[in-house]
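Student: Could you take me through the aromatic ring pairs here in one close look?

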Amino acid sequence: MKSNSPDKQLNLDKRYIRMAQIWAENSYCQRRKVGALIVKDKMIISDGYNGTPAGFENCCEDETGHTFPFVLHAEANAITKVARSNNSSDGATLYVTSSPCIECAKLIIQSGIKRVVFSEYYRLQDGIDLLRRAGITVDFIDPQADDETPQTSGQ
């Protein structure tokens, strides 16, 4: 299989991140909308956005604006969705609009995803640190930037 040139890969990364941003618009959450795509062999094998579990009403925050503890993150939704399919996330890339939290980082590691690309930093960096410790490539990409190479997070 022929590998992508760095420029071609960067263009693909930007497109997938923009698609994840569009997918985030499906979220009913008011405080923050996050989207995620899992891509393997240039195919989207799963998608997700932050929201409530299946069967729950689509309300993510209480009357004071605090997020309910049962709300799922976009990464968790995408990973559990692929787990219910005939696809495998082993070796895949996760595109997510916000860098993963520590809990999602654990799911990413266990799912066999080998690369994470994100476009916005979450307030905590412990998820990124754990992913890097596990040998997962973590890249920050600004999908709107003209000339840029992926920035390996934390370097």
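Tutor: Happily; here is a walk through the ring pairs and the residues that form them. This is a predicted model, in which local features need pLDDT of at least 70 and side-chain atom pairs count only at pLDDT 80 or more, while totals for chains, interfaces and linings use all residues. Residues are numbered from 1 along each chain as its sequence is written, and side-chain values use heavy atoms, with hydrogens and water left out.

Rings of Phe, Tyr and Trp (its six-membered ring) pair if their centres lie within 6.5 Å; planes under 30 degrees apart count as stacked, over 60 as edge-to-face and the rest as tilted. By this rule there are seven aromatic pairs. In one of them, the ring centres of Trp23 and Tyr49 are 6.2 Å apart and the planes stand at 65 degrees, so this pair is edge-to-face. Because Trp23 belongs to helix 1 (residues 6-24) and Tyr49 to strand 2 (residues 43-49), the pair ties together parts 26 residues apart in sequence. Helices (H or I, at least four residues) and strands (E, at least two) are DSSP runs, numbered from the N terminus.

Trp23 is partly exposed at 31% relative accessibility, and Tyr49 is partly exposed at 28%. Here buried means under 20% relative accessible area, exposed over 50%, and partly exposed in between (1.4 Å probe, protein chains only).

Phe68 and Phe70 make a stacked pair, with 5.1 Å from centre to centre and 10 degrees between the planes. Phe68 is partly exposed at 26%, as is Phe70 at 34%. Ring pairs also bring in Phe56, linking it with Phe68 and Phe70 into a cluster.
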